Every structure is written in C-alpha cells, then in structure tokens.
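The following exercises are to be worked with the sequence and the coordinates at hand. Each task is followed by a solution in steps.

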Amino acid sequence: MKVSLGPLLYYWPKQQTIDFYQHAISSDADIIYLGETVCSKRRELKTRDWIELASSLNKHNKEIVLSTMALLEAPSELSVIKKLCENGEVSIEANDLATVQILTEKKLPFICGPAINCYNAQTLKLLINQGMQRWVMPVELSRDWLADLVEDSHKMGLRDQYEVEVFSYGHLPLAYSARCFTARSENKAKDDCGLTCINYPQGRLIHTQEEQQVFVLNGIQTLSGYCYNLINDLESMHDLVDILRISPNSLNSLETVTEFKRQLLQQNHYRPLNSSQCNGYWHSIPGLGQG
Amino acid sequence: MELLCPAGSLPALKVAIDCGADAVYIGLKDETNARHFAGLNFNASKLVKGAQYVADNNKHLHVAINTFAHPGQEKRWYNAVDQCVDLGANAAIIADIATLDYATRKYPDLALHLSVQASATNTAAIEFYQRNFNIKRVVLPRVLSLHQVKQLARNSHIPLEVFAFGSLCIMAEGRCYLSSYFTGESPNTVGACSPAKFVRWQETSQGLTSRLNNILIDRYHNDEKAGYPTLCKGRFNLDGQIYHTLEEPTSLNTLSLLPDLIEMGISSVKIEGRQRSPAYVEQITRVWRAAIDSYMQSPAQYQVKPQWDQQLENLSEGNQTTLGAYHRSWQ
C-alpha cells in the first residue's frame, strides 16, 4: 500500500505553502496532490504558480498530481480547469464531472476525486471507459460498501484497471456551499470576504452548545469536527485499498505520513484514538463515531 | 414556464393538479428517492391511480429516482426505472450514473431529467451528462446566483429547472454528508437528511432542546418557535458566540424573481416539499399558479402581491423566507 498526501484544503500564504511542499517532497509520501480545491478566490498561488510548483516537485522520485475544485459555478473557473488540464506534465484529480468532461475531450487520463459521486461498479466502469485510472472513494462510504463494489468490479473484469484510494486521516470534507461560512463567521458577505480564510490556517472549529466539536468551517467547505483516523484499520484494507490518503493541515501531517508507513509494517500494533478523533464511516456507523 | 409541484401522497398529487400544477413529481415507496420517509410516497396501486389522474387531466408526471444505487443492489434502482416507464411517466429524474446508463440504454425514448442530486452546476458538467446519457433537462442545485443561472441558460442549450420555493438546502445537493456524519444515513445513500428516527425533543431547565442522534442541535427559549432539527440549521458555538453558524431555519422564496426566471428562459419552477401535507401543496400551488398567470397576462405590471408573500411565509420554516444563493448577499 502506498501513502499519499492529499491536497491542502486550507488557505495559507504563498511562501508557507511552497515551504510545506519543499518539506513534503522529502517526506515518506509516495504521492503528492496539490492545488486549490475549495475556493477560486484563493489566489496566493495563481494557476500558473500551482503548475510551476507541480512541475518542480515532479523532478523528484514521487508521483505528483494536480487536484482541482469541487464546486465549479463560473465560466472563469472552468478556464482555470482547462489550464490545469493542459499542464502537459502531471496528471489531474477531477473533483467535478466538468473536469472529467474536459479531460475526456483531450483524451487524457484522470483520477476520480472524493467529491465525485461514484457509488457502484457500473459507475466505475463508465468512468474507467472515459480514462479513470484511480478512484478516491467518497468519504461517507464504509469498508463493507467498498468490499461489495470491488467484488462487483472483479466480476466485471475491471479490478486491474483502476487503483483504490481511501481518505484515511484528517478532517473529512463533508459539504460544499454557495455560502462562505468563514466570511459569515465574521459578519461579512462572500463578495466582501477580505480572503479571511488566510487567518485560519486550520479552519474554524465549531462546537455544539454542550462543547462537542461538530464541524470545521473552511470557507465554502464544511469539514468534520473530529479528525478521521484509520490507523488501526489498515489490516482490513488488505486486497481492497491501494493508497491511503493523509489530508494535511500542518507540517505535523508529514509525520502522520511516516506513522502510517510504519504502521503498515507493524502487524497488530493498536494505537488508541483520542476523543477528538473518529473512524465511524469505515465501520458502517455514523461518521463521527469510533468503531 | 412549467409549474412543477411536489406530491408525497395521492391526495397531495390530486390537489396539486386541481390547483393548477402543470406537472407533479413523485417517488416510489423505497430508498430509490431522496424523500424516503415513513408514511410517504407511492406503492404500486397508488402509482397507477396517481398516473391515471395526471393523465386524465393532461398534465405531466415526473418520477424521482434520485439516490445512488448500492453495490450489488442496482436492480432496485433499475426496477424503479422500469416502473416509471410502465406508468407512462413523462420523465424520470435521476442522479446516479449507473441508473442513468441503464435508463438510456434500455429506454432511449424516456425523457431523463438530471436530478439536483447529481450536482451539475456548470456547462462542462452538463455536457458530460448530455454526451453520455442524452439528458433532456437539468435541475440546478441551489448554489448558483441569479447571474450564474442566467449564464448557464445562455450557454448550455438545455432546458433548465430551478427551485422556486421550499425548504432551503444550503449545501450543493448530492455533495453533502453532514447527515451521515451524525447519523450514518445521508440523502445519497438512504434518501433522507437528518432522519426523523434520530430526532429527540426534551424539556430541560434551560429550555426545549432538539437532538439528532443525541447531538445537541438547538436549545430554545420559551418565546421561540422550535423547528425541525435539520443539522445545517442548528445553533452552534464559535469561540463563545452562539448563532446559526451555517443557516437559520428559513425557506427559499423566489416570487420576486419570477420575471427574471421567465425572461431568461427557465423551463420549469420546482416547488420543494414532497414531505409536506396536501394542505401545504394546495396553498403553495394556488399562489404560484396565480403569480405565473399574473405575469403571463401582463408582464410589465407583474408585482408580488402582499397576500402571496404572507401565505408563503406562513408555510415556511421559521416563518421566514430568503432568496438564498440567487442573491449574492446571501452567499
């Protein structure tokens, strides 16, 4: 099993982002995803900068992938997708079927990101026929769901035509909205947000009125309040999962990559989760639960 | 401009048709549709009666098959498509790629409407579905501003349906897992958001509380009206400030946008609420019928009548309405 570093979901200053990827390139990650996936107003790194950064990282011995926005609403956002797809060097993770459409027109292969609704093997087959090489499972699905789907794809003779990647660590991307909740948290409208996401490098944590962590606000994206952690579930991924995704929120995430790599080599080494972590989805219980 | 009304039951269907709906949309009594609630929707005999009533009145019937097929159980979704065709429905509203693929191959003449749950918000995504499944209409997610809807109407060459009134989904539909994060059940997998079986109400010394799977959604003062604990409309705590962090209990109301929607060539206005009563469907349908007719009679004189707004507010969540994402300031 390989370990990947998912795209940075938060908005950091340009230099901090570049520094992060300079560290990432010497980390234990096998695959590095990068690019803006949440909000087109975040332009510390412009499209050209992301492509250049991807290109410079691609000179090392790692797979580099440019990831793309999930919620595409404006023609200008589609233009950005086209530019990314034309980078000519690294592959693309599509998080909307618009991106699949654009890549298909160019006869380019793609990775199907977690924000695309692929829930069954028939859908997988159609996407494979269009050039999908890797499927990142939607975060709300369980091991049982995955096992059934992979089994179906075996029967259809497809299993050797795609890889399976599972979101395995980090705050889960749960929803996308037209509304910017970070701007709202400061009583601002989205059009007048002042790019305030940059002030919250790990998003804004909200609690219930009983102090239970519920969500993390990240611009138009809502993340899980608890940190998803499948470190104790690697054995149950055997023969099912090819790649584990670590979603970064700081330099510490690179150590998490190392921990997962180490865990892959250690059998039966149980690491108790803390009270602000969860693994429910994998175990077919509510996402915020611990199974 | 088609007025498309919700029907969660045969009485609701009849009243919608009687009060002026051009078309109604319904779902089967199982998890193949996104309003899979106890006591709601159509079994086999009700389906036949409903379809007959719609046909007798020369109106249109749309069948929502808009959740995502579970692996190994695709047949249930395919059967729903078969039933839709057997009924002689005018359109199937579908979200799942596997189900779209089945419907296109087996019934090339069946009109396929892309469900809002498919989350197509731009021209390229619409092209994907047109190219692969020859869809005939797109139901737009409630995330686009009026300007963006207009751009799509101009650039996409496909009939568009928009939400005009009803409970407001504030997330891009089909891409929201908040409900399964709390309960294990989501619109995509089970056809329900914040399912009623997880709801608990409790009187406490601090007031009435609402919970979803034991997680506190809201706490109400004595003078406050309590609403259904949809989790995106809860009051949460951000750095000591307690407020409706994501959205207040409110409903979408676009009566004032009707002229814009008609002039930009929107094909259909959809009223949300298959889970609501026949009385609700009756009132909503009457108001919207009157509004559309009033515009058609004399477009230049169209004005939202105060009594329309009043009636709609009374039927709304939290007794308040909003233009939602259509209006940039909401975003």
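A residue counts as buried if 20 or more other C-beta atoms lie within 10 Å of its own, as exposed if 12 or fewer do, and as partly exposed in between, with C-beta atoms placed from the backbone. Helices (H or I, at least four residues) and strands (E, at least two) are DSSP runs, numbered from the N terminus. The model is predicted: local features need pLDDT of at least 70, side-chain atom pairs count only at pLDDT 80 or more, and totals for chains, interfaces and linings use all residues. Residues are numbered from 1 along each chain as its sequence is written, and chains are lettered from A and ligands numbered from 1 in the order in which they are written.

**Exercise 1. Overall form of the chains**

Task: Determine the radius of gyration of chain A and of chain B, and set each against the globule rule.

Solution.
Step 1. The radius of gyration is taken over C-alpha atoms, and the globule rule is 2.2 Å times the number of residues to the power 0.38.
Step 2. For the 291 residues of chain A, a compact globule would have a value near 19 Å; chain A has 18 Å, which agrees. Its C-alpha atoms fill a box of roughly 50 × 50 × 35 Å along the principal axes.
Step 3. Chain B has 10 helices and 16 strands. Its radius of gyration, 20 Å, is close to the 20 Å that the rule gives for 331 residues, so chain B is as compact as a globular protein of that length. The corresponding box for chain B is roughly 60 × 55 × 40 Å along the principal axes.
Step 4. Buried residues make up 53% of chain A and 55% of chain B.

**Exercise 2. The side of chain A that touches chain B**

Task: State how many residues of each chain take part in the contact between chains A and B, and which element of chain A gives the largest share.

Solution.
Step 1. Two residues are in contact if their C-beta atoms, placed from the backbone, lie within 7 Å.
Step 2. By this criterion, 53 residues of chain A are in contact with 52 residues of chain B.
Step 3. Elements supplying at least two residues each to this side of chain A include α3 (75–85), α5 (121–130) and β7 (163–177). The largest share, five residues, comes from α4(A).
Step 4. Count Ala, Val, Leu, Ile, Met, Phe, Trp, Tyr, Cys and Pro as nonpolar, Asp, Glu, Lys and Arg as charged, and the others, Gly among them, as polar. The side of chain A that touches chain B then divides into 29 nonpolar, 14 polar and 10 charged residues.
Step 5. Two strands pair if DSSP finds at least two bridges between them. β7(A) pairs with β8 (residues 171–176) of chain B in the antiparallel sense over two bridges, and A:Ser177 stands opposite B:Met171.

**Exercise 3. The surroundings of α4(A)**

Task: Explain why α4(A) is described as largely enclosed, and identify what its buried residues pack against.

Solution.
Step 1. The buried residues are A:Leu97, A:Ala98, A:Thr99, A:Val100, A:Gln101, A:Ile102, A:Leu103 and A:Thr104.
Step 2. Eight of the nine residues of α4(A) are thus buried, so the helix is largely enclosed by the rest of the structure.
Step 3. In chain A, the packing partners are α3, β4 (91–94), β5 (110–112) and α5; chain B contributes its own α5 (123–133).
Step 4. After α4(A) comes A:Lys107, with a positive phi near 55 degrees.
Step 5. One of the packing partners, β5(A), runs parallel to β6(A), to which three bridges join it. A:Phe110 stands opposite A:Met132 in β6(A). Four of the five residues of β6(A) (residues 132–136) are buried.

**Exercise 4. Two positive phi values in chain B**

Task: Are B:Asn58 and B:Ser119 buried or exposed?

Solution.
Step 1. Most residues other than glycine have a negative phi.
Step 2. B:Asn58 is not a glycine, yet its phi is positive, about 55 degrees. B:Asn58 lies in the loop between α2 (44–56) and β3 (60–65) of chain B.
Step 3. With 8 other C-beta atoms within 10 Å, B:Asn58 is exposed.
Step 4. B:Ser119 has a positive phi near 60 degrees and is found in the loop between β5 (112–114) and α5 of chain B.
Step 5. B:Ser119 has 26 C-beta neighbours inside 10 Å and therefore counts as buried.
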